[in-house]
Amino acid sequence: MEMEMEISALVDSISSFLNLSSSRHIDLDPFDKYYKRVEELLIVLKPIAEAAVLSSDLALEEKLGKSFQELTQDVDHSRDLFTSWHAFSSKVYFVLQTESLIPKMRDTILDTFQFLKSLKNDLPDELSPASLEKCLEKIKHLSYEEISPVIDGALRDHRDSVGPSPEILVKIGENTGLRSNQEILIEAVALERQKEIAEQSENNAEVEFLDQLIVIVNRMHERLLLIKQTQTSSVSILADFFCPLSLEVMTDPVIVSSGQTYEKAFIKRWIDLGLKVCPKTRQTLTHTTLIPNYTVKALISNWCDTNDVKLPDPNKSTSLNELSPLLSCTNSIPSAATGVSARRVSSKSNDWDASPSRSASALDASSLNDFEDRSNHSREMNTDAHGRSSVSSSKRGSVENGQTSENHHLRSPSVSSEEFPRTDGNENSGESAHATPYSSDASGEIRSGPLAAATTSSAAPRRDLSDFSPRFMDRRNNRGQFWRRPSDRLGSRIVSAPSNEARRDLAEVENQVKKLLEELKSSSLDVQRQATAEIRLLAKHNMDNRIVIGNSGAIVSLVELLHSTDSATQENAVTALLNLSINDNNKSLIAEAGAIEPLIHVLESGSSEAKENSAATLFSLSVIEENKIKIGQSGAIGPLVDLLGNGTPRGKKDAATALFNLSIHQENKGTIVQSGAVRYLIDLMDPAAGMVDKAVAVLANLATIPEGRNAIGQEGGIALLVEVVELGSARGKENAAAALLQLSTNSGRFCNMVLQEGAVPPLVALSQSGTPRAREKAQALLSYFRNQRHGNAGRG
C-alpha cells in the first residue's frame, strides 16, 4: 500500500470518529467520558497525520506505514464501538472494550511520533523535532484511571467464591454509569442480550465471560435491595412486598407475562421505554398487559393496617436508588449471599421526581425499540462515513439493511470508514487529495491549543494487559496486511521548498501574498504563470501560509485561472487550490468561490497532471457534506468516471478516491453506476493495476443500491469479489465480504452465483481470522447461507 493512501486513510478515520461529537449519545455516561479520552489522543495525532500526507520523503519508511495502518485500524475499531453503542447497550462491556483499545492506541502514537522525530528527512514544519516533542509531551500526559482492572479483580473474587466487596461494586457502578437500580437492571438485560449473540456464534469463552459479568451486575442489584430492606425501621416486612424495580413496598402491584409482580407505575415506565423484557427474569414479555395482583395488594394492605404504616405515593417516589448508599451502609449490612426471610422497611421514603436518572431520562423510545435489531448488528457499520460514526450525527444504519440511516456525513451504508481502501494511495502527491482530511473538521492546521501541551513517549508507561480476559487480548493482534510503495512512485507532484528554509515571519508572507495577488490579475501570461507557481509552493508545507493565502482573497483569482489557456498556469492554479484545501476554512472558501464547475472544466480538458489534481481537489472539497451534493449535481461524476477508465495510473487513483467519497452520498451512487464506473472498477481489480482495495471499497458502497448490485453481477464482479475474500489484503477482504453480503441478501440469483463461485471456504476462514468487521460480515453471510439452506430444506 502506498504511504499517501495509508496516511490519508488514517486522517479519514480520525475525522469520521471526531464527527461523533454530534452523536445523540454524547452526553450519556460512559459514552461521553470515553469519547473525550479518544478525542484527546486524536486531536494531537490528526495534524501530524495531515502533515505527513504531504511529505513524499516518508514514502520509503516501511515501519511508518505499518504504524499508520495499525493506528487506522485502532481508530476504526474505536469508532465502531462508539457508533454501535446506544442507550441500552451494555455499559460494562463497552468500557472493557474501549479501555483495551485506548492504551494500545496511545502507545502506537507515541512510537510513531518518536520514529518521525528520529528521521533526518526534509519534512514540513509540523513534523519538525520541536513540534513532535510538544506532541509527545501532550500524549505522555494523557493518562486516565481505568476501571478494567477493578472489574477483572471483581471477576477473580467471584471465581474464588469471595465475591466483590460493596466498595468495589460502588466503584464499578460509578465508573461505568450504573448509579441507579434501573440502570443496573437495564445493564443486566443488555449483557443477557450480548450473551445470546455469543451463544449463537458458539463462542463459549465469551459466553462464560458474560455470565460472570452478569453475576457482578446482579450483585449490584442485590446490594441495593439489601440496603433498602435493612433501612432503619421498627417494623419487619416480607421481601416479596418489595418491587424489584422501585425497591419500595408496592402499593399497586401488577403481574407481567413472566409471572413476576411489580409496582404498576414502575413496570409501565420500563415498558414505555421500549424494554419488552422482564427486569427480574430477563424473559421476553409475550404481551404487555398488566394484570392487577389483588392477593399481594391485600396482603400489603393488611400489613400496613396492622403496623400503622402509610406507604408513599409511587408516582411521587419513583426513586432510582443511587448506588452511593452502598459505602455508607457496608458495615451494617449482611452479605448479599445471606438469605433473609424478613426485612425492615423505612416508613420514610425518598421524594423523587417522576423522571429517571440522567441516562434513563435521556433514553428515547426509538433507541429502545430497535434494541433487538441493533444488538444483533452492533458493529455493522453501514455507512461509515457513513456515513465516522458514523458511522452520523451518529445515528446509524442502512436503509438496505433495514436500519435507520441518519449518518449522512460518514461513510456509505455498507462500507465502514474502516472499509475505505487502505491500499495504494494517491501516489507521489505531497498535495494529493489523500493529503486532505476526510472530514469537514479536518484541518492541517496545527493549533497551539492541543499541541502546545503535546508529548514524548519514551518515558510513557506501557500498560500491562496480562490480567485482562483473553477475549480482549486478541484485539491487540488483529492487524491487516502491510503494503510496500513501489519505488517508481516517489516523485513529488510539486517542487520542494529548500530543506533549510526557516518559517518566514507572517507579516512578510502577507506582504508577499499581496504582491502575488496583484500578479495573478496581470494581463501577462508569464507573470500569472510565475505567480501561481509561487503560491503553489507557499501553500505546500506551511499551514500558516495556507491560512494567509486563503484570507487574502487569492482563492477567487486562482479559481478564475482554472480557465486559463496556459496549461502551466492552469496546473499551478489547480495544484495551489488542492494545497490550500487542506485547511477546512479554505475548503469552504474554495467552494464559495464557485470552484466546482471550473474544476470540472479542468477535469475534462486539462493536462494529465491538471486532471489528476482537479480530481484530488474535488475529493478534498467533498469532505464537506453539502459539497458532495453540489459536486454530484454539477456533472463531475461523468468526467471522474472517464478519468477512472482512461486516465494515467495516478489519475485513476485520484478518480477512484473522489468517487469513493462522492458515493457516500446516497443520491450520487446511482449517477456513478449510470456513468459506467462499475465496469472500470472491476477492470481495476486486476492486481497488476495496484488498485484492488480501492476498487473494492467503491464497489462495496455501490452494492448498497439495486443498480449497483445489478451492474456488479452483469460485469462479472462476483467471481472477483470472492477471489478478493480468499486472496486479498485484510481491508480488501473486509470490503469484498461487505459487497457480497449486499449482493446475496438482496438477490436470490446473486446469492446462488456467490455460492457457485466457492465463496463458503474463504468466508469460513475470514470469519475466524479476519479483522473484527470482516469476521462479522463473513459470519453474517454464512449465517444467511445456512438460513437459506434450512428454509429450502423445510419447503422441500
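In this predicted model, the charged end of Arg 679 is placed over the ring of Tyr 680, at 4.6 Å from the ring centre. A second arrangement of this kind involves Arg 269, whose charged end sits over the ring of Phe 266 at 6.0 Å from its centre.

Aromatic pairs number nine in total. For Phe 17 and Phe 82, the ring centres lie 5.3 Å apart and the planes meet at 85°, so the pair is classed as edge-to-face, the angle being over 60 degrees. This pair connects distant parts of the chain, since Phe 17 belongs to helix H1 (residues 3-18) and Phe 82 to helix H3 (residues 62-84), with their positions 65 residues apart; both Phe 17 and Phe 82 are buried. The pair of Phe 31 and Trp 85, by contrast, is tilted, with 5.7 Å from centre to centre and 45° between the planes. Because Phe 31 is located in helix H2 (residues 31-53) and Trp 85 in the loop between H3 and helix H4 (91-118), the pair ties together parts 54 residues apart in sequence. Phe 31 is buried at 0% relative accessibility, and Trp 85 is likewise buried at 3%. These four residues belong to one aromatic cluster, which also includes Tyr 34, Tyr 35 and Phe 94.

Further along the chain, Leu 755, Val 760 and Val 764 make a nonpolar surface patch of about 180 Å². Val 764 is situated in helix H36 and, with a relative accessibility of 33%, counts as partly exposed. Thr 771, in the loop between helix H36 (760-769) and helix H37 (772-795), is buried at 6% relative accessibility; apart from neighbours within four places in sequence, Thr 771 is in contact with Ala 730 and Glu 734.

Technical notes
Residues are numbered from 1 along each chain as its sequence is written. This is a predicted model: local features need pLDDT of at least 70, side-chain atom pairs count only at pLDDT 80 or more; totals for chains, interfaces and linings use all residues. Side-chain values use heavy atoms; hydrogens and water are left out. Helices (H or I, at least four residues) and strands (E, at least two) are DSSP runs, numbered from the N terminus. Buried means under 20% relative accessible area, exposed over 50%, partly exposed in between (1.4 Å probe, protein chains only). Contact means heavy atoms within 4.5 Å. Patches are made of residues with over 30% relative accessible area and no salt bridge: like charges are joined within 9 Å, nonpolar side chains (Val, Leu, Ile, Met, Phe, Trp, Tyr) within 5 Å. Accessible areas come from the Shrake-Rupley method with a 1.4 Å probe; for residues, only the protein chains shown count as cover. A salt bridge is a side-chain nitrogen of Lys or Arg within 4 Å of a carboxyl oxygen of Asp or Glu. Rings of Phe, Tyr and Trp (its six-membered ring) pair if their centres lie within 6.5 Å; planes under 30 degrees apart count as stacked, over 60 as edge-to-face and the rest as tilted. A charge sits over a ring if NZ of Lys or CZ of Arg is within 6 Å of the ring centre and within 35 degrees of the ring normal.
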